[in-house]
Structure formats: C-alpha cells, structure tokens
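Biologist: Thanks for sitting down with me. Could you take me through this model and explain the terms as we go?

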Amino acid sequence: MAPDNKRPLPQGERFFTPGATGLRKAVERRSAVPMTFLFTQVPRWVAPVVLVILLLAGFAVANWLGGVAALLVLAFVGWLAFLSWPSLGISGKVLRIAVLIFLVLLMATRFGIW
C-alpha cells in the first residue's frame with residue numbers, strides 16, 4: 001500500500017469564529033472546503049510559488065494583464081486576511097491593511113486608474 005502523502009489539518013480548537021453571524025459566518029462556511037483542500041491536498045510550495053509568480057507578473061507587465069495578476073494576489077491575500085482578522089493583534093491588522101493597500105495601488109496603476 002502506498003504511503004499517505006496528505007498533510008493533517010492544523011492543530012487548533014476551532015475552525016470557525018465562535019459566535020460569528022452574517023457575512024463572516026457565510027464566508028467561513030464557504031471557505032472550509034477550499035482551505036481544507038489547500039492545506040491537505042496541495043503541496044506546501046504551490047501556493048507561495050503561484051503567488052510570487054503572479055506578483056512578479058503584476059510588477060513586470062505594465063498593462064491590464066499585470067492588473068489581473070495583481071488582482072488575483074489581492075483576492076487571495078484579502079481572503080486570508082478576512083479569515084484571520086478576529087485572531088490578530090493590532091500589529092497584524094496594520095500589516096495586512098498595508099499589504100492590501102499596496103496591492104490595490106499596484107493594481108490601479110496597471111489598469112491605468114492612477
């Protein structure tokens with residue numbers, strides 16, 4: 001029998017935010033399957049490599065294609081920031097906001113908005 005190459009889920013008490021309602025609850029529930037797939041079925045190196053390639057394309061390509069690449073990075077980073085927001089301290093929140101602002105500005109320059 002072949003060895004099981006699947007990674008176990010991260011340790012922790014809960015996957016969902018306790019007492020979440022409305023938008024947060026809906027996003028967390030819909031994110032459960034993609035997050036589980038990303039963390040258990042996909043090799044660890046795939047997500048960072050794809051994000052770096054997309055970010056480099058966002059820097060290198062000075063037209064709308066670079067904007068699309070930056071938009072994909074922005075969407076992924078924004079999704080992770082939204083999911084991790086309740087457990088962050090002030091420095092983590094400030095860092096995530098700064099990264100998101102940077103990505104929005106990069107995307108705006110590539111689409112010719114700025």
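Modeller: Buried residues make up 23% of the 114 residues in the chain; buried means under 20% relative accessible area, exposed means over 50%, and partly exposed is what lies in between (1.4 Å probe, protein chains only). Please keep in mind that this is a predicted model, where local features need pLDDT of at least 70 and side-chain atom pairs count only at pLDDT 80 or more, while totals for chains, interfaces and linings use all residues. Residues are numbered from 1 along each chain as its sequence is written, and side-chain values use heavy atoms, with hydrogens and water left out.

Biologist: What makes up the chain in terms of helices and strands?

Modeller: There are 4 helices and 0 strands, and the order from the N terminus is α-α-α-α. Helices (H or I, at least four residues) and strands (E, at least two) are DSSP runs, numbered from the N terminus.

Biologist: Why is Ile113 called exposed?

Modeller: Its relative accessibility is 67%, and the cut-off for exposed is over 50%, so Ile113 counts as exposed. Ile113 sits in the segment after H4.

Biologist: And why is Val68 called partly exposed?

Modeller: Val68, a residue of helix H3, has 33% relative accessibility, so it counts as partly exposed. Its C-alpha is 8.4 Å from that of Arg110, although the two are 42 residues apart in sequence.

Biologist: Which residues make the nonpolar surface patch?

Modeller: Val68 and Ile113 are both in it, and other members include Trp64, Leu65, Trp85, Ile101 and Phe111. The patch covers about 1,200 Å². Helix H3 (64-84) and helix H4 (90-110) are the elements that give two or more residues, and H3 gives the most, with 5. To join a patch, a residue needs over 30% relative accessible area and no salt bridge; nonpolar side chains (Val, Leu, Ile, Met, Phe, Trp, Tyr) are joined within 5 Å, like charges within 9 Å. Val68, at 33%, is therefore over the accessibility cut-off.

Biologist: What makes up the largest nonpolar core?

Modeller: Ala70, Val73, Leu74, Leu103, Leu106 and Met107, 6 residues in all. H3 and H4 are the elements that give two or more residues to this core. The term stands for buried Ala, Val, Leu, Ile, Met, Phe, Trp, Tyr and Cys residues joined through side-chain atoms within 4.5 Å. Leaving aside residues up to four places away in sequence, Ala70 touches Leu106 and Met107; contact means heavy atoms within 4.5 Å.

Biologist: Why is the pair of Phe59 and Phe102 called tilted?

Modeller: Rings of Phe, Tyr and Trp (its six-membered ring) pair if their centres lie within 6.5 Å; planes under 30 degrees apart count as stacked, over 60 as edge-to-face and the rest as tilted. Phe59 and Phe102 are 5.9 Å centre to centre with 50° between the planes, so they fit the tilted class. Phe59 lies in helix H2 (residues 46-60) and Phe102 in helix H4, so the pair ties together parts that are 43 residues apart in sequence. Phe59 is partly exposed at 39%, and Phe102 is partly exposed at 42%.

Biologist: How do you know that Glu28 forms a salt bridge with Arg24?

Modeller: The closest N and O atoms are 3.2 Å apart, and a salt bridge is a side-chain nitrogen of Lys or Arg within 4 Å of a carboxyl oxygen of Asp or Glu, so the pair qualifies. Both residues lie in helix H1 (residues 22-40), 4 residues apart, about one turn of the helix. Glu28 and Arg24 are both buried.

Notes: Accessible areas come from the Shrake-Rupley method with a 1.4 Å probe; for residues, only the protein chains shown count as cover.
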